[in-house]
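Here is a walk through one protein model, taken piece by piece. Have a look at the fold and keep it open while you read.

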Amino acid sequence: MRTLKRSTSAAVVLTALAGTAALATATPASAASYQCSTSSHTVDDPTYNGPDSDNWDLTVTLCAKRSGGYLYTTAKVNWDGPYTAKNRSTLTFNKAKIQLQTKRSVRGTDPVVKSVAYTGLEHALEHSSGNGNGSYETGTTAYKAGSGRYLADGYIQLDWSGDGKGYRSPVLFTASPTV
C-alpha cells in the first residue's frame, strides 16, 4: 500500500509542476505581437551588360505592432544578388536605403506619421556573401499612436554606381497588416 501512496503523490506533484510550467510559458492574451507581410521584387543592375547574372532578388518583411500606447515598426531585407556582387564590392552602389514608414490607416492614401531612412543597407548589399546573398534589419521605430489603425510600409531606393542618375524610382513592397 505504501508504494501506491508514493506513486499517487508523485503523480500529483508532477501534474502540478507540469501545469505551473505551462502557465509560465504561456503568453498573456493581451501581449502584442508583430503583424507582418513579406513581398519580393527583382531589380536589374542597369550599369552591367556582361554575360553574368546581374539581378538582385529583394525580399522585404514589414512588421508593425501596438504595445503600451505605441506603435512599433521594423523591417528586414533579404536578397539573392548576383554571385559577382562580392567581386565588385563597393563599386556597385553610390547609395542604397530602405525607407521605413509608419502610416495611419485611413480611407484613400494613408498619411505617413513617421519615416526613417536606413542607409546601412548600402554597406550590407556591397558586403554580400560569396554567393551574393545577405540580409539587413532596420532598427525599431516607436510612434505614440492615437486611436485608429496603423501599419508599417516601406520602400528601397538604389543609386547605382557609374550611371550618374542618383536614386532610381523606389522599389515598393507590400505594407504590413493594420494594427
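Which residue in S2 stands opposite Cys36? It's Cys63. Keep in mind that this is a predicted model, so every value below is computed from predicted coordinates.

**The disulfide and its strands**

Those two cysteines do more than face each other: Cys36 and Cys63 form a disulfide, with 2.1 Å between their sulfur atoms. A search of the whole structure turns up one disulfide. The link of Cys36 and Cys63 is right-handed, with 115° about the S-S bond. Cys36 sits in strand S1 (residues 35–44) and Cys63 in strand S2 (residues 55–67), so the bond ties together parts that are 27 residues apart in sequence. As for burial, Cys36 counts as partly exposed at 38% relative accessibility, while Cys63 counts as buried at 8%.

The strands around that bond are paired through their backbones too. S1 and S2 run antiparallel and are joined by 10 bridges. On from there, 11 bridges join S2 to strand S3 (residues 70–80), again antiparallel. Within that second pairing, Val60 stands opposite Val77 in S3. The hairpin of S2 and S3 has two residues between the strands, and Gly68 takes a positive phi near 60° there.

**The chain as a whole**

Stepping back, the protein chain has three helices and nine strands. Going along the sequence, the pattern reads α-β-β-β-α-β-β-α-β-β-β-β. Of the 179 residues in the protein chain, 34% are buried. Among contacts with a separation of 6 or more, 69% involve residues 24 or more positions apart. The accessible surface of the chain comes to about 10,100 Å², and carbon and sulfur atoms account for 53% of that surface.

**The four-stranded sheet**

Now find the open sheet made of four strands, in the order S5-S4-S8-S9, with antiparallel pairing. Its edge strands are S5 (112–118) and S9 (171–172), each of which pairs on one side only. Strand S4 (residues 93–105) is joined to S5 by six bridges, and the two run antiparallel. Here Gln101 stands opposite Ser115 in S5. As a general reminder, strands of a sheet pair through backbone hydrogen bonds, either parallel or antiparallel.

**Salt bridges**

How many salt bridges does the structure hold? There are three, set out here:

| Basic residue | Acidic residue | N to O distance |
|---|---|---|
| Lys76 | Glu137 | 3.9 Å |
| Lys103 | Asp153 | 2.8 Å |
| Arg168 | Asp163 | 2.7 Å |

Start with Lys76 and Glu137, whose side chains meet in a salt bridge. Lys76 lies in strand S3 and Glu137 in strand S6, so the pair ties together parts that are 61 residues apart in sequence. Lys76 is partly exposed, with a relative accessible area of 31%, whereas Glu137 counts as exposed at 54%.

Next come Lys103 and Asp153, which also meet through their side chains. Lys103 lies in strand S4 and Asp153 in strand S8 (residues 149–160), so this pair ties together parts that are 50 residues apart in sequence. Buried or exposed, what are Lys103 and Asp153? Both Lys103 and Asp153 are buried.

That leaves Arg168 and Asp163. Arg168 is partly exposed, with a relative accessible area of 28%. Asp163 comes in at 19% relative accessibility, so Asp163 counts as buried, the cut-off being under 20%.

**Two buried loop residues**

Two loop positions are worth a look as well. Thr138 lies in the loop between strand S6 (133–137) and strand S7 (141–144), and Thr138 is buried, with a relative accessible area of 8%. A polar atom of the Thr138 side chain lies 3.0 Å from the backbone nitrogen of Ala75. Leaving aside residues up to four places away in sequence, Thr138 touches Thr74, Ala75, Ile98, Leu100 and Tyr118.

The other is Asp54, found in the loop between S1 and S2. Asp54 is buried too, with a relative accessible area of 11%. Which residues does Asp54 touch, not counting residues up to four places away in sequence? They are Val43, Asp44, Asp45, Tyr48 and Pro82. Asp54 and Pro82 are 28 residues apart along the chain, and their C-alpha atoms are separated by 5.2 Å.

Conventions: Residues are numbered from 1 along each chain as its sequence is written. This is a predicted model: local features need pLDDT of at least 70, side-chain atom pairs count only at pLDDT 80 or more; totals for chains, interfaces and linings use all residues. Side-chain values use heavy atoms; hydrogens and water are left out. A disulfide is a pair of cysteine sulfur atoms within 2.5 Å. Buried means under 20% relative accessible area, exposed over 50%, partly exposed in between (1.4 Å probe, protein chains only). Two strands pair if DSSP finds at least two bridges between them. A polar contact is a pair of N or O atoms within 3.5 Å; within protein, one must be able to donate a hydrogen and the other to accept it, and residues adjacent in sequence count only if both atoms are side-chain atoms. Contact means heavy atoms within 4.5 Å. Accessible areas come from the Shrake-Rupley method with a 1.4 Å probe; for residues, only the protein chains shown count as cover. A salt bridge is a side-chain nitrogen of Lys or Arg within 4 Å of a carboxyl oxygen of Asp or Glu.
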